[in-house]
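Hi,

Here is the structure we talked about, ready for you to open in your viewer. Have a look first, and then read on for what turned up in it.

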Amino acid sequence: MYDLGMKIKSLRIERKITQKKLGEIINVSEATISKYESNSSTPSIEILRQIASFFNISMDTLLGMEKQGTISTQGLSESQSNTVRALINAYHIKNAQTVKQITKEQFTVLGEITAELTK
């Protein structure tokens with residue numbers, strides 16, 4: 001079974017922020033963040049959206065529903081998003097000649113490019 005609380009906690013720890021700081025960012029108390037992380041309470045859809053937005057991940061990723069080939073462009077400018085889409089399309093065109101879908105290596109490269117564009 002998927003552990004939403006653990007996902008929130010791992011994202012928070014990865015970013016090196018406290019429960020208090022995350023609470024301030026999404027306008028809830030430190031105690032509420034603690035309840036989310038221990039699965040004592042479940043965040044509302046709006047809070048989940050805010051958490052996903054802050055950590056620059058999709059709601060699918062936050063909720064453990066990741067699919068191969070999903071890259072979030074949230075937080076990128078329209079121009080940056082278009083660049084990422086163009087790169088994806090270029091990979092798909094090349095792959096159409098050899099394989100059916102984007103390779104894991106190509107997906108990793110695109111993810112790294114997206115991360116760089118968000119810095």
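**Around the phenylalanines**

Let's start with Phe-54, which is partly exposed, at a relative accessible area of 25%. Before going further, please keep in mind that this is a predicted model, and everything below is computed from it.

What else goes on around Phe-54? A search of the whole structure turns up 1 aromatic pair. The partners are Phe-54 and Phe-55: their ring centres are 4.9 Å apart and their planes stand at 75°, so the pair is edge-to-face. With planes over 60 degrees apart counting as edge-to-face, 75° qualifies. Phe-55 is buried, with a relative accessibility of 6%, whereas its partner Phe-54 is partly exposed. Phe-54 has another visitor too: the charged end of Arg-15 sits over its ring, 5.1 Å from the centre.

**The overall layout**

Now a step back to the whole protein. It has 7 helices and 0 strands, so if you like a one-line topology, from the N terminus it reads α-α-α-α-α-α-α. There are 119 residues, and 28% of them count as buried. The accessible surface is about 7,900 Å², and carbon and sulfur atoms own 52% of that. As for how the chain folds back on itself, take the contacts between residues at least 6 apart in sequence: 51% of those join residues at least 24 apart.

**The core**

In general, nonpolar side chains tend to be buried together in soluble globular proteins. Here, the largest nonpolar core has 16 residues. Which residues have the most contacts inside it? They are Ile-8, Leu-22, Ile-26, Ile-51, Phe-55 and Leu-62. Helices 1, 2 (19–26), 3 and 4 each put in at least two residues, and helix 4 gives the most, with 4 residues.

Ile-51 is a good place to click if you want to see this core from the inside. It is found in helix 4 and is buried, with a relative accessible area of 0%. Apart from neighbours within four places in sequence, Ile-51 touches Ile-8, Ile-26 and Leu-62, and those three are also on the list of residues with the most contacts in the core. Ile-26 is worth a click as well: setting aside neighbours within four places, its contacts are Ile-33, Ile-47, Gln-50 and Ile-51.

**Two salt bridges**

Side chains of opposite charge can pair when their charged atoms come close. The structure holds 2 salt bridges.

One of them joins Arg-12 and Glu-37, with the closest N and O atoms 2.5 Å apart. Arg-12 lies in helix 1 (residues 4–14) and Glu-37 in helix 3 (residues 30–37), so this pair ties together parts that are 25 residues apart in sequence. Are the partners buried or exposed? Arg-12 is buried, at 9% relative accessible area, and Glu-37 counts as buried too, at 10%. The cut-off for buried is under 20%.

The other salt bridge is between Arg-49 and Glu-46, at 2.6 Å from N to O. Both residues sit in helix 4 (residues 45–54), 3 residues apart, which is about one turn of the helix. Arg-49 is partly exposed, at 41% relative accessible area, and Glu-46 is also partly exposed, at 39%.

**More on Arg-12**

Arg-12 has further company besides its salt-bridge partner. Leaving out neighbours within four places in sequence, Arg-12 is in contact with Ile-17, Thr-18, Gln-19, Leu-22, Glu-37 and Phe-55. Among these, Leu-22 and Phe-55 are also on the list of residues with the most contacts in the core. How far apart are the C-alpha atoms of Arg-12 and Ile-51? They are separated by 9.7 Å, with their positions 39 residues apart along the chain.

**Out at helix 7**

Finally, a spot towards the other end of the numbering. Val-109 lies in helix 7 (residues 104–117) and counts as partly exposed, at 29% relative accessibility. Its C-alpha atom is 10.0 Å from that of Leu-87, a residue 22 places away along the chain.

Shout if you'd like to go through any of this together.

Cheers

Technical notes
Residues are numbered from 1 along each chain as its sequence is written. This is a predicted model: local features need pLDDT of at least 70, side-chain atom pairs count only at pLDDT 80 or more; totals for chains, interfaces and linings use all residues. Side-chain values use heavy atoms; hydrogens and water are left out. Buried means under 20% relative accessible area, exposed over 50%, partly exposed in between (1.4 Å probe, protein chains only). Contact means heavy atoms within 4.5 Å. Accessible areas come from the Shrake-Rupley method with a 1.4 Å probe; for residues, only the protein chains shown count as cover. A salt bridge is a side-chain nitrogen of Lys or Arg within 4 Å of a carboxyl oxygen of Asp or Glu. Rings of Phe, Tyr and Trp (its six-membered ring) pair if their centres lie within 6.5 Å; planes under 30 degrees apart count as stacked, over 60 as edge-to-face and the rest as tilted. A charge sits over a ring if NZ of Lys or CZ of Arg is within 6 Å of the ring centre and within 35 degrees of the ring normal. A nonpolar core is a set of buried Ala, Val, Leu, Ile, Met, Phe, Trp, Tyr and Cys residues joined through side-chain atoms within 4.5 Å.
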